[in-house]
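Please open the model in your viewer and keep the selection panel at hand. The tour moves from a single residue to the sheets and helices around it, and then to the place where two chains meet.

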Amino acid sequence: MNRFIGFIHKEFLHIFRDVRTMMILFLIPVFQILIFGYVVKNEVKDAKIAILDLSKDDVTTEIIAKLDAAEDIEVVKYLNAYDEIDGEFRANKIKAVVVFENGFANKLTKDKNANVQIVLDASDPNLANILNSYTTAILNNYNKENNINASGVNIVFDTKMWFNENISSAYMFVPGSMALILMVITALMSSISIVKEKETGTMEILLVSPLKPVQIILGKLAPYALLSAINAFSIVLIGNIVFGVPVNGSWGLLILTSFLYIMMALSLGVLVSTIAKNQQTAMFISMFVLMLPTMLLSGFIFPIENMPVVLQYISKIVPAKYFLIAIKNIMLKGQGIPYFWKELLVLIGMVVLFIGISVKKFKIRLD
Amino acid sequence: MSDENIIVVENLVKKFGNFTANDNLSFEVKKSEIFGFLGANGAGKTTAIKILCGLSFPTSGNVMVAGFDAYKQRNLIKKNIGYMSQGFSLYDDLTVKENIEFYAGIYGLSRKLIKQRFNELVGKLGIHDLKNKFVKDLPLGWKQKIAFSVAIFHRPRVVFLDEPTSGVDPITRRQFWDLIYEAVESGITVFVTTHYMDEAEYCNRLSIMVDGKIEAMGTPAELKDKYKASNMDDVFVKLARKA
């Protein structure tokens with residue numbers, strides 16, 4: 001046990017003495033979460049929208065005027081039919097269309113109920129979400145000002161997300177950043193630190209020593225497991241304090257799931273270290289084979305449902321995808337294991353698979 | 001030198017698929033002997049050393065190191081040997097003291113013992129000024145001496161030196177051999193590979209490997225006699241030409 005503690009002590013010395021390592025470990029996560037957070041929170045400026053007024057009465061004219069008067073929204077076009085919307089979106093000229101139903105004012109007085117539909121180009125989900133809340137806020141204001149609710153009259157909103165009907169939550173960036181940061185730090189740093197020992201020849205000395213290979217690997221990984229756990233916790237904390245991203249589900253489950261993901265990333269790191277001959281290769285593999293898919297194919301930034309079928313299949317082997325599903329369920333929906341046990345099983349399976357391959361490769365090398 | 005055999009190798013064969021890296025090697029190394037293990041690159045030296053250090057299994061043959069069997073007692077072998085590689089493998093970002101403490105620690109030495117032996121070593125090498133310096137700031141010669149001191153810090157019965165003087169100037173090499181002699185006097189057996197034939201003369205006995213086989217073995221004087229050569233360089237060239 002003493003030997004093991006000595007080993008971990010030495011590993012921490014390596015980490016604390018390398019400025020680059022320290023930056024990757026502690027600065028990048030904070031910056032990344034803040035940047036992602038503010039990008040998501042970014043205000044919409046001069047969003048161009050169109051109006052499809054099927055009623056053309058006093059009430060709709062008044063509402064349209066209010067929309068146009070709003071600081072960040074600009075009404076640039078009036079459409080005549082519903083089928084024009086798709087073309088406008090595809091031409092990328094407008095981001096949203098506000099649709100007033102036929103006989104709007106009439107319905108409002110007679111039925112005390114009239115429908116407004118907000119159609120949004122959700123190919124940019126964040127923008128669509130923000131624009132949606134802007135527009136609804138303006139309509140709500142109109143409701144209030146005219147006391148429509150008090151007299152039992154109501155404008156009913158209906159939001160339609162074009163291209164991306166089940167829009168994912170704007171809070172996605174916290175789970176997403178967690179998936180990305182944990183993957184980068186854990187897999188990248190652990191693989192580099194193992195490969196470095198190979199490169200400098202110290203691994204040979206360690207292997208000749210009475211330490212068992214398993215002890216060597218565990219000793220190398222333990223510090224990164226600990227630091228990654230601290231990172232995961234800080235991300236959730238920053239997300240919560242700075243951006244108000246909730247943890248609706250159980251903290252225990254959140255910790256357990258994050259730890260499982262860290263284990264998976266560590267086993268990937270070991271696998272990379274058995275393949276890579278030098279630190280550059282380890283970094284290259286970690287960056288392109290691990291980091292990019294985590295960012296692009298996990299559902300973090302781009303919804304998987306909207307990807308080409310081929311990419312959808314590839315996304316199935318991206319570990320972060322499963323972590324994201326599980327952690328979104330825990331943090332945002334507050335659900336328990338029954339809702340994501342399959343994802344946890346996939347992650348466990350990946351840990352077993354990666355460690356299995358690494359052990360096999362390691363044995364071949366020693367033989 | 002005593003009559004006790006510290007390494008016994010009988011008919012050692014190591015094959016990788018169809019390739020025979022070690023073809024029927026047999027030799028003994030006696031306690032407190034400096035045994036030179038020579039051969040051109042690719043002759044099979046590294047493969048043999050790996051087996052002797054418990055890093056890989058022989059395909060067939062008997063191998064005993066420090067009284068332990070290379071098939072079944074690899075862990076006991078590892079505890080009783082030291083190893084120094086040609087890269088003088090130390091951690092650049094640790095100080096001399098931290099390096100020694102770390103390596104001694106993984107051999108299970110107690111803190112008290114580490115402290116005591118470290119103070120002895122500092123006195124012996126005269127490294128009061130160097131002990132708290134980072135290894136990356138040391139000259140190569142010092143790295144080499146410290147790497148060797150690390151390899152024998154846990155007082156192994158045999159120390160394996162894999163080209164321990166490559167890239168070092170002749171004066172430093174000579175100083176290094178003084179350290180080796182000192183270790184031998186304290187009872188440690190030295191198993192050394194080298195490319196420098198002048199160094200081969202410092203060994204008590206030599207074996208020369210060619211294409212996976214031991215082609216010649218004996219004291220430097222015996223070998224020079226046998227091959228009618230004036231120095232070890234000639235012996236080596238004559239043998240290597242046969243390959």
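Begin by selecting Val76(A), which counts as partly exposed because 15 C-beta neighbours lie inside 10 Å of it; a residue is called buried with 20 or more other C-beta atoms within 10 Å of its own, exposed with 12 or fewer, and partly exposed in between, with the C-beta atoms placed from the backbone. The model is a predicted one, in which local features need pLDDT of at least 70 and side-chain atom pairs count only at pLDDT 80 or more, while totals for chains, interfaces and linings use all residues. For your selections, residues are numbered from 1 along each chain as its sequence is written, and chains are lettered from A and ligands numbered from 1 in the order in which they are written.

Val76(A) belongs to strand β2 of chain A, residues 73–79, where helices (H or I, at least four residues) and strands (E, at least two) are DSSP runs numbered from the N terminus. Which residues is Val76(A) in contact with, leaving aside its neighbours within four places in sequence? They are Lys48(A), Ala50(A) and Ile94(A), a contact meaning that the C-beta atoms, placed from the backbone, lie within 7 Å. If you draw a distance between the C-alpha atoms of Val76(A) and Ile94(A), which are 18 residues apart along the chain, it should read 8.0 Å.

Now turn to chain B and colour its open sheet of 4 strands, whose order is β2-β1-β4-β5 with antiparallel pairing; two strands pair if DSSP finds at least two bridges between them. The edges are β2 (19–30) and β5 (68–69) of chain B, each of which pairs on one side only. Strand β1 (residues 5–16) and strand β4 (residues 60–65) of chain B run antiparallel and are joined by 5 bridges, and here Val9(B) stands opposite Val63(B) of β4(B).

Next select the open sheet of 6 strands in chain B, ordered β6-β7-β8-β3-β9-β10 with mixed pairing. Its edge strands are β6 (81–84) and β10 (213–218) of chain B, each paired on one side only, and the twist from one strand to the next averages 15 degrees, with axes being lines fitted to C-alpha atoms, for helices over the stretch in contact, and angles running from 0 to 180 degrees between N-to-C directions. Within this sheet, strands β3 (residues 34–39) and β8 (residues 189–193) of chain B run parallel and are joined by 3 bridges; Phe35(B) has Phe191(B) of β8(B) as its bridge partner.

Add the helices that lie on the strands: α6(B) packs on the sheet, touching β3, β7 and β8 of chain B, and its direction makes about 145 degrees with that of β8(B). Helix α5(B) lies across β6 and β7 (158–162) of chain B and runs at about 160 degrees to β6(B).

With α5 (residues 140–151) and α6 (residues 170–185) of chain B both shown, their axes come within 10 Å and cross at roughly 15 degrees. The two helices are therefore roughly parallel to each other, a term used for angles under 35 degrees. Their contact is made by Gly141(B), Gln144(B), Lys145(B) and Phe148(B) of α5(B) with Thr172(B), Phe176(B) and Leu179(B) of α6(B).

Finally, show both chains: 21 residues of chain A are in contact with 19 residues of chain B. On the chain A side, α1 (2–17) and α8 (202–208) each supply at least two residues, and α1(A) gives the largest share, 8 residues.

Notes: Contact = placed C-beta atoms within 7 Å. Parallel < 35°, antiparallel > 145°, perpendicular 65-115°, else oblique.
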